[in-house]
Amino acid sequence: MRRFLIWSALAVVIGLALAGGGYWAYWNFYARFQPVTISRNQAEIQRLLDEASWVSGGGGGEPLYIIGYRDSASTQRYEREETEKLRAGGVEARVVVFARPDREGQVQSTPAERATVAELWLSRDWSLYQRWTATPSRNWTAAGIPAADGNLARSAVVEASRQFVTRLNALLRDAGAPTGYPLVIWRDRDGFMKACACADSRSWAFIRDDFSAPDVVAPAGLGEPGPAIPPTVPTPGDGTPESLPYPTLGPIPPAGEAIPPLPGTARPGAAPGTTPARPTTPPRTTPAAPPQATQQEDTTFF
């Protein structure tokens, strides 16, 4: 009986360990990357998203919001690798950028970044956003963009972008959603709002699944027929205005003779309209005979 109890207790311990390990593996490799369905504050979160000045490359379809800041490497990577896939699934990616506030006296944004954020919130210029993200941040000077520092109106716009992110994160935490960047918010097929702090690429597949977006998008133009070749292509010498005709050349003279001028051309210095004289061939001379050997005393020479 005692042995039975020992083995029973050992089996219970092993079963609990296996169950705990399996749950940990499920959470660590799958569950923690799933998006969170927002069940609270949906109306206020949607109002914030509608009032924010987002930029978009178009595409139509269901809106998906990507919130991040310029120097976030994970945000730039998500946009670069996932935007085209989502667009192929009928999604319009809307990007909302903000300038991070100072933290413990440390400045986390540059004057050029603040000026660009203010301009994007005011103009919503997609081409400006593309130029900004395509340029390394250390090389971006915001040339031609009014400065936000020292400008009361534009400084207020920069501050509004920060307040937007602060309020949005507070609402998401209250709804049980994690925060991080890129912060992606969308609605699934059933209309439920979802949020994802998608810094890890293992979270991206869940978003694609909600929109039936492809995992791989072929490069633009791959497999498409190229432009048709015109039926007639001008070639040199065919008399078309696009090309110059080839000159008519005479027979090549033997070596040692002067090359005659081309037909219709005159020698330099001749009067216009005169017929060029036919070149004369210089008379050929017979080469002299080689010297003969002669005997002079003890030396033979040539």
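**Group meeting: salt bridges, spaces and odd backbone spots**

The side chains of Arg 87 and Glu 84 meet in a salt bridge, 2.7 Å from N to O. I start there on purpose. Keep in mind that this is a predicted model.

Why can these two side chains sit together? Arg 87 and Glu 84 are three residues apart in helix 3, so about one helical turn separates them. Now the exposure. Arg 87 counts as partly exposed, because its relative accessibility is 24%. Glu 84 is also in the partly exposed class, at 46%.

How many salt bridges does the count give? It comes to 16. I will show two others.

Take Arg 162 and Glu 159. Their closest N and O atoms are 3.7 Å apart, and the pair forms a salt bridge. Both sit in helix 6, residues 152-174, three residues apart, so again about one helical turn lies between them. Is Arg 162 buried or exposed? Arg 162 counts as buried, because its relative accessibility is 15% and the cut-off for buried is under 20%. Its partner Glu 159 is partly exposed, with a relative accessible area of 36%.

Next, Glu 51 and Arg 47. They form a salt bridge, with the closest N and O atoms at 3.3 Å. Both belong to helix 2, residues 42-51, and they are four residues apart, about one turn of the helix. Glu 51 is exposed, because its relative accessible area is 54% and exposed starts over 50%. Arg 47 is partly exposed, at 38%.

That pair has company. Which residues are linked with Glu 51 and Arg 47 in a network of salt bridges? The other members are Glu 44 and Arg 167.

Now to the empty space. Rolling a probe the size of a water molecule over the atoms shows where such space is left.

The largest pocket holds about 270 Å³ of space. Three elements give two or more residues to its lining: helix 3 (73-88), strand 4 (91-97) and helix 5 (126-134). Which element gives the largest share? Helix 5 does, with five residues.

Here is the lining in full. It is Gln 76, Glu 79, Arg 80, Thr 83, Ala 93, Val 95, Trp 126, Tyr 129, Gln 130, Thr 133 and Ala 134. By class, five of these are nonpolar, four are polar and two are charged.

Look at Trp 126 for a moment. Trp 126 is placed in helix 5. At 25% relative accessibility, Trp 126 counts as partly exposed. Trp 126 and Trp 54 are 72 residues apart in sequence, yet their C-alpha atoms are 9.3 Å apart in space.

There is also a cavity. How many of 30 Å³ or more turn up in the whole structure? The search finds one. Its space is about 40 Å³. Helix 3, strand 4 and helix 5 each supply at least two residues of the cavity lining. Among the lining residues are Gly 68, Tyr 69, Arg 70, Val 97 and Trp 132. Gln 76, Glu 79, Val 95, Tyr 129 and Thr 133 are in the cavity lining too, and those five names also appear in the lining of the largest pocket. The cavity lining divides into five nonpolar, four polar and two charged residues.

Over to the surface. Trp 7, Leu 10, Ile 14 and Leu 18 make a nonpolar patch of about 450 Å². Leu 18 lies in helix 1, residues 2-29. Is Leu 18 buried or exposed? Leu 18 counts as exposed, because its relative accessibility is 62%.

Last topic: the backbone. Most residues other than glycine have a negative phi, and most peptide bonds are trans. Three places here are worth a look.

First, Glu 104. Its phi is positive, about 55 degrees, although Glu 104 is not a glycine. Glu 104 is in the loop between strand 4 and helix 4 (111-123). Glu 104 is exposed, with a relative accessible area of 81%.

Second, Arg 124. Here too the phi is positive, about 55 degrees, and the residue is not a glycine. The place of Arg 124 is in the loop between helix 4 and helix 5. Arg 124 is partly exposed, at 39% relative accessible area.

Third, Pro 182. The peptide bond from Tyr 181 to Pro 182 is cis, with omega near 5 degrees. Pro 182 is found in the loop between helix 6 and strand 5 (183-187).

That is my tour.

Definitions and conventions: Residues are numbered from 1 along each chain as its sequence is written. This is a predicted model: local features need pLDDT of at least 70, side-chain atom pairs count only at pLDDT 80 or more; totals for chains, interfaces and linings use all residues. Side-chain values use heavy atoms; hydrogens and water are left out. On a 1 Å grid over the protein atoms alone, a cavity is a set of points where a 1.4 Å probe fits but cannot get out, and a pocket is an open set with protein on both sides within 12 Å along at least five of seven lines; lining residues have an atom within 4 Å of a point. Grid points are joined across faces, edges and corners, and a volume is the space filled by probe spheres set on the points. Ala, Val, Leu, Ile, Met, Phe, Trp, Tyr, Cys and Pro count as nonpolar, Asp, Glu, Lys and Arg as charged, and the others, Gly among them, as polar. Patches are made of residues with over 30% relative accessible area and no salt bridge: like charges are joined within 9 Å, nonpolar side chains (Val, Leu, Ile, Met, Phe, Trp, Tyr) within 5 Å. Accessible areas come from the Shrake-Rupley method with a 1.4 Å probe; for residues, only the protein chains shown count as cover. A salt bridge is a side-chain nitrogen of Lys or Arg within 4 Å of a carboxyl oxygen of Asp or Glu. Buried means under 20% relative accessible area, exposed over 50%, partly exposed in between (1.4 Å probe, protein chains only).
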